[in-house]
Amino acid sequence: MKLTNQQIINLSNALTPFMQKDMPYRTALRMSKNAKNISDKISDFAKDEQELIKKYAVCDEDGEPIFTDGRFDITKGKEEDFAQDRRTLFDLEIDVDIYPIAENELEDITLTPEQALAIEPIMEVVE
């Protein structure tokens with residue numbers, strides 16, 4: 001399944017609470033496989049984001065970005081380029097192996113509407 005990096009991040013955040021919920025074995029197995037695959041894609045995204053930071057951030061004499069309180073400054077005049085490249089990274093579509101989970105498998109689990117929207121890519125509608 002193709003998902004954007006932004007969808008992958010949202011899905012990862014939404015799956016976190018599920019990892020502590022009791023559910024049937026097969027559902028838990030698919031959920032854990034999805035979480036692992038999503039985690040792998042998050043790692044890839046983080047590496048790509050670090051490359052963007054190195055490209056645009058103010059760096060020290062060794063070429064490493066200078067972080068202050070977890071933040072970095074963008075090289076003057078490169079702010080728009082950084083924002084555009086970062087948006088492109090978030091919008092990039094990635095192939096992710098997804099193990100669908102039927103809606104009725106999670107019927108005993110409560111969700112916020114935000115979580116329901118975020119996990120939609122792994123859900124399978126059962127009619």
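**View 1. Burial and exposed surface of the chain in the predicted model.** Of the 127 residues in the chain, 30% are buried. The area that the chain exposes comes to about 8700 Å², and carbon and sulfur atoms supply 48% of this area.

**View 2. Fold and extent of the chain, with four helices and six strands.** Followed along the sequence, these elements are arranged as β-α-α-β-β-α-β-β-α-β. The chain is more spread out than a compact globule, because its radius of gyration is 18 Å, well over the 14 Å that the globule rule gives for 127 residues. Taken along the principal axes, the box filled by the C-alpha atoms is roughly 55 × 25 × 25 Å. Among the contacts with a separation of 6 or more, 64% join residues that are 24 or more positions apart.

**View 3. The largest nonpolar core, which has 18 residues.** Within this core, the residues with the most contacts are L15, F18, M31, L106, I119 and I122. Two or more core residues come from each of the elements α1 (5-15), α2 (25-56) and α4 (113-119), and α1 gives the most, with four residues.

**View 4. The surroundings of I122, and a second core.** When its neighbours within four places in sequence are left aside, I122 is in contact with L11, L15, M31, N34, I98, Y99, P100 and I101. A second core, separate from the largest one, has eight residues, including I9, F45, L52 and F82.

**View 5. Charged side chains, of which 15 are positive and 28 negative.** The centres of the positive and negative sets lie 3 Å apart.

Note on methods
Residues numbered from 1 in each chain as written. Predicted model: local features only at pLDDT ≥ 70, side-chain atom pairs only at ≥ 80, totals over all residues. Heavy atoms only, no water. Rg over C-alpha atoms; globule rule 2.2 N^0.38 Å. Buried < 20%, exposed > 50% of the residue type's maximum accessible area, 1.4 Å probe, protein only. Contact = heavy atoms within 4.5 Å. Areas by Shrake-Rupley, 256 points an atom, 1.4 Å probe, with all protein chains shown as cover. Lys, Arg positive; Asp, Glu negative; His and termini not counted. Charge placed at Lys NZ, Arg CZ, Asp CG, Glu CD. Core = buried A, V, L, I, M, F, W, Y, C linked by side-chain atoms within 4.5 Å.
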